Amino acid sequence: MSQEPIDSPTGWVARHVKSYAESGGTRGHLFHGAPTLLITTIGRRSGLPRRTALIYGRDGDRYLVVASNGGAADHPLWFHNLLAQPQIKVQVGTEVFDAVAHLAAEDERLRLWETMTGIWPRYTGYQRETSRQIPIVIIERAGMPDLSLREIASLGQRHRRCY
């Protein structure tokens, strides 16, 4: 994704994304008290990078986002792009990384839905407003998982014992 992304066509979202991206993530991480991230997908028809801001939650090392589209009858366009090409770019605050997205499995969906409605209670109302089941998307870092400082220190200690 070397080309500059095209931001959401929705005015307030575009302004939020612009502030977030131009500040390197020092502004815009919180939106009305909820944490947000930026995702850049590849347009399934255009092939161009598309960027939007989404409220997120965490499930361990995984990021969670909700394809609510404000309770509209249709899924948001970014969601269709994700289904077509799940490799994405993510920015959380000042950190930018490659990631892979997938739908939450049905057996964990209710637990993750509760997590997300705890962060943004309006999702409950959005679900009531639409006949579609609002998807929960799980985002995981591409490549090797992050290690905690404790795990890194432990690896160093084991490495020293080998000599």
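The following exchange goes through a predicted model of one chain, asking what lies behind the words used to describe it.

Me: How do you know how far the predicted chain can be trusted, and where should a reader hold back?

Reply: The chain averages a pLDDT of 89, and 87% of the residues score at least 70. Over residues 157-163, however, the pLDDT is below 50, and this stretch has zero contacts in the model beyond near neighbours in sequence. Where pLDDT is low, the predicted coordinates should not be read in detail.

Me: What makes up the secondary structure of the chain, and in what order do the elements come?

Reply: There are five helices and eight strands, and from the N terminus on they run β-α-β-β-β-β-α-β-β-α-α-β-α. Among contacts between residues at least 6 apart in sequence, 65% join residues at least 24 apart.

Me: Why is aspartate 59 called buried?

Reply: Aspartate 59, which lies in strand β4, has a relative accessible area of 18%. The word buried is used for values under 20%, and therefore aspartate 59 counts as buried. Leaving aside neighbours within four places in sequence, aspartate 59 is in contact with Leu64, Arg111 and Leu112. Of these, arginine 111 is 52 residues away from aspartate 59 in sequence, while the two C-alpha atoms are 9.9 Å apart in space. Over the chain, 42% of the 163 residues count as buried.

Me: Why can the buried residues of α2 be said to line one face of the helix?

Reply: The residues in question are Trp78, Phe79, Asn81 and Leu82. Seen down the axis of α2, they fall within an arc of 160 degrees, so they line one face of the helix. On the other side of α2, Leu77 and Ala84 are exposed. The buried residues of α2 pack against β3, β4, β5, β6, β7 and β8.

Me: What makes β3 a covered strand, and how do its two faces compare?

Reply: Nine of the nine residues of β3 are buried. In a regular strand the side chains alternate between the two faces of the sheet. In β3, one side carries Ala34, Thr36, Leu38, Thr40 and Ile42, the other carries Pro35, Leu37, Ile39 and Thr41, and all of these are buried, so that both faces count as covered.

Me: How do you know that β3 pairs with β2, β4 and β6?

Reply: Two strands are said to pair if there are at least two bridges between them. Strand β2, residues 30-31, is joined to β3 by two bridges, β3 and β4 share seven, and three join β3 to β6; each count therefore satisfies that requirement of at least two. The pairing with β2 is antiparallel, as is the one with β4 and the one with β6. Leucine 30 stands opposite proline 35 in β3, isoleucine 42 has proline 49 as its bridge partner in β4, and isoleucine 39 has valine 90 in β6. β2 and β3 form a hairpin with two residues between them, where histidine 32 in the turn has a positive phi of about 50 degrees. The hairpin of β3 and β4 has six residues between the strands, and glycine 47 takes a positive phi near 75 degrees there.

Me: What makes β7 a partner of both β6 and β8?

Reply: Six bridges join β6 to β7 and five join β7 to β8, and since at least two are required, both pairs qualify. Both pairings are antiparallel. Glutamine 91 has valine 96 in β7 as its bridge partner, and alanine 99 stands opposite arginine 141 in β8. β6 and β7 form a hairpin with two residues between them, and glycine 93 in the turn has a positive phi of about 60 degrees.

Me: What makes up the largest nonpolar core, and which elements supply it?

Reply: This core has 18 residues, and those with the most contacts inside it are Leu37, Trp78, Val90 and Ile139. At least two residues each come from β3, β4, β5, α2, β6, β7 and β8. Not counting residues up to four places away in sequence, isoleucine 139 touches Ile39, Arg62, Tyr63, Val65, Ile88, Val90, Ala99, Val100 and Ala101. Apart from the largest core lies another, of 15 residues, among them Leu64, Trp120, Tyr123 and Ile136.

Terms used. Residues numbered from 1 in each chain as written. Predicted model: local features only at pLDDT ≥ 70, side-chain atom pairs only at ≥ 80, totals over all residues. Heavy atoms only, no water. pLDDT = per-residue confidence, 0-100. Contact = heavy atoms within 4.5 Å. Helix = DSSP H or I, 4+ residues; strand = E, 2+ residues; numbered from the N terminus. Buried < 20%, exposed > 50% of the residue type's maximum accessible area, 1.4 Å probe, protein only. Core = buried A, V, L, I, M, F, W, Y, C linked by side-chain atoms within 4.5 Å. Arc of directions from axis to C-beta.
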